[in-house]
Amino acid sequence: MSQFIIYGAGNSGKWHYNFLKWRKMGDRVYAFCDQKYRELDKIDGKEILSYGEVKEKGLPIFISIESVTDVEKLLYMMQNDGLEVYTKENFHKLLNEDQVVYLREWCAYHHAKYNDQWFLDAEDEKETAIFWGKDSIFYSLFNTLDLTNVIELACGHGRHVPYYMNRAGKIMLVDILEENMVLCRERFKNADNIIYYQNNGYNLEKLHSNSYTSLFTYDSMVHFEMMDVYEYLKDINRVLVNGGRALFHHSNYSEDYKADFAHTSHARCFMNKEIFAYLAHRAGFKILQQEIIDWHGVKNLDCITLVEK
């Protein structure tokens, strides 16, 4: 695969480079380019070039800076110079990837990068009370689930497991990140009713059909791309028994149809109550209840949806 140059050697440029390294694609970055090239050291052994040097190389350029105005100016200049240029909106094309796949990996990387501190904060008593407090809508609807054979989707570090593990028969913990599976296996090594499944981030293809009594996911699907949500809904319907229920905490953010994980309040993706109900209906579910909720001071940001097969 061809190499390219990252324009911007600041935090954004380094973040994207580390994302590529995490995906074992770091070798695709030939060098960086930055206005302060004389002042900066190499990044992971890669040169910091001047724009003049970049023009001579003739390689594709990915503009990785935060200022929208500066991006527009650079894009105009570079295209006039006959260069092949990409921005954050079409970076997936430079990587020869579908945009949904790229954003799914971007979301996974973000959680992997900040796993330890984020999940540590998430286990704070005030945070867990959002889900498991006696007045929580989550908890009220969770109590309607049959936990005989339950799936927790996108389990992270397993912060919810202690709240229901003694009430459940069999538990299937699912997550896209290998490091989360490793940590959960160690954390719950003494539990004999938990099984672990590292999935692909959009379905449950290795799980048997018509086998699980319920599924739930809290504080994770809010970040999922709509196309992945629909793929999940279809496969969740497949694996649940007739009459099985699923409880979803999902985004209710629909102000900007271009929204993605990286550029919205609390990293919400484009979704709302009505769209989710439509997708769930198309996947074969009956909508039992939906509740719009605030999230950390942002009014009506999320929704809780309970469905039944």
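Let's begin with how the chain folds back on itself: among its contacts with a separation of 6 or more, 66% are between residues 24 or more positions apart. Keep in mind that this is a predicted model. The chain has 309 residues, of which 53% count as buried. Its secondary structure comes to 11 helices and 12 strands, and its C-alpha atoms fill a box of roughly 65 × 40 × 35 Å along the principal axes.

A good place to start the tour is the open sheet of 5 strands. Reading across this sheet, the order is β3-β2-β1-β4-β5, and the pairing is parallel. At the edges are β3 (48–49) and β5 (85–86), each of which pairs on one side only. Strand β1 is joined to β2 by 4 bridges in the parallel sense, and 2 bridges, also parallel, join β2 (residues 29–33) to β3. You can follow a path across these strands by eye: Ile6 has Phe32 in β2 as its bridge partner, and Phe32 in turn stands opposite Ile48 in β3.

Strand β1 itself is worth a closer look. In a regular strand, side chains alternate between the two faces of the sheet. Here Phe4 and Ile6 point one way from β1, while Ile5 and Tyr7 point the other way, and all are buried.

Now add the helices that lie over these strands. Helix α1 (residues 11–22) lies across β1 (4–7), β2 and β4, and runs at about 170° to β2. Helix α3 (residues 68–80) lies across β1, β4 and β5, at about 160° to β4.

Aromatic rings are the next thing to look for. The count comes to 20 aromatic pairs. One of these is the stacked pair of Phe62 and Phe91, with 3.9 Å from centre to centre and 15° between the planes. Phe62 belongs to strand β4 (residues 61–63) and Phe91 to helix α4 (residues 91–94), so this pair ties together parts that are 29 residues apart in sequence. Are these two rings buried or exposed? Phe62 has a relative accessible area of 0%, so it is buried; Phe91, with a relative accessible area of 0%, is buried too. Elsewhere, Phe131, Trp132, Phe138, Tyr139, Phe142, Tyr163, Tyr164, Phe216, Tyr218 and Trp295 form one aromatic cluster.

Move on to the open sheet of 7 strands, where the order is β8-β7-β6-β9-β10-β12-β11 and the pairing is mixed. Strands β8 and β11 stand at the edges with a single partner strand each, so one side of each has no neighbour in the sheet. On average, neighbouring strands here are turned by 15° against each other, direction ignored. Within the sheet, β6 (residues 149–153) runs parallel to β7 and is joined to it by 5 bridges; Val150 has Ile171 in β7 as its bridge partner. Helix α11 (residues 273–282) lies across β10 (240–251), β11 and β12, running at about 150° to β11.

What fills the space between such elements? The largest nonpolar core has 30 residues, and Phe142, Tyr164, Leu173, Phe188, Ile194 and Leu247 touch the most other members. Elements that each supply at least two residues of this core are α7 (125–132), α8 (137–142), β7 (170–175), α9, β8, β11 (286–295) and β12 (298–308). A second, separate core has 27 residues, including Met221, Phe224, Ala280 and Val307. Back in the largest core, Phe188 touches Gly158, Val161, Pro162, Met165, Leu173, Ile194 and Tyr196, leaving out residues up to four places away in sequence.

Let's finish with a polar residue, Asn193, in the loop between α9 (178–187) and β8 (194–198). Is Asn193 buried or exposed? Its relative accessibility is 14%, and because buried means under 20%, Asn193 counts as buried. The side chain of Asn193 reaches the backbone oxygen of Met165 at 3.3 Å. Beyond its neighbours within four places in sequence, Asn193 is in contact with Met165, Ala168, Gly169, Lys170 and Ile171.

How values were computed
Residues numbered from 1 in each chain as written. Predicted model: local features only at pLDDT ≥ 70, side-chain atom pairs only at ≥ 80, totals over all residues. Heavy atoms only, no water. Buried < 20%, exposed > 50% of the residue type's maximum accessible area, 1.4 Å probe, protein only. Polar contact = N/O pair within 3.5 Å; in protein donor to acceptor, adjacent residues only side chain to side chain. Contact = heavy atoms within 4.5 Å. Phe/Tyr/Trp six-rings, centres within 6.5 Å; stacked < 30°, edge-to-face > 60°. Pairing = 2+ DSSP bridges. Axes fitted to C-alpha atoms, helices over the stretch in contact; angles between N-to-C directions. Core = buried A, V, L, I, M, F, W, Y, C linked by side-chain atoms within 4.5 Å.
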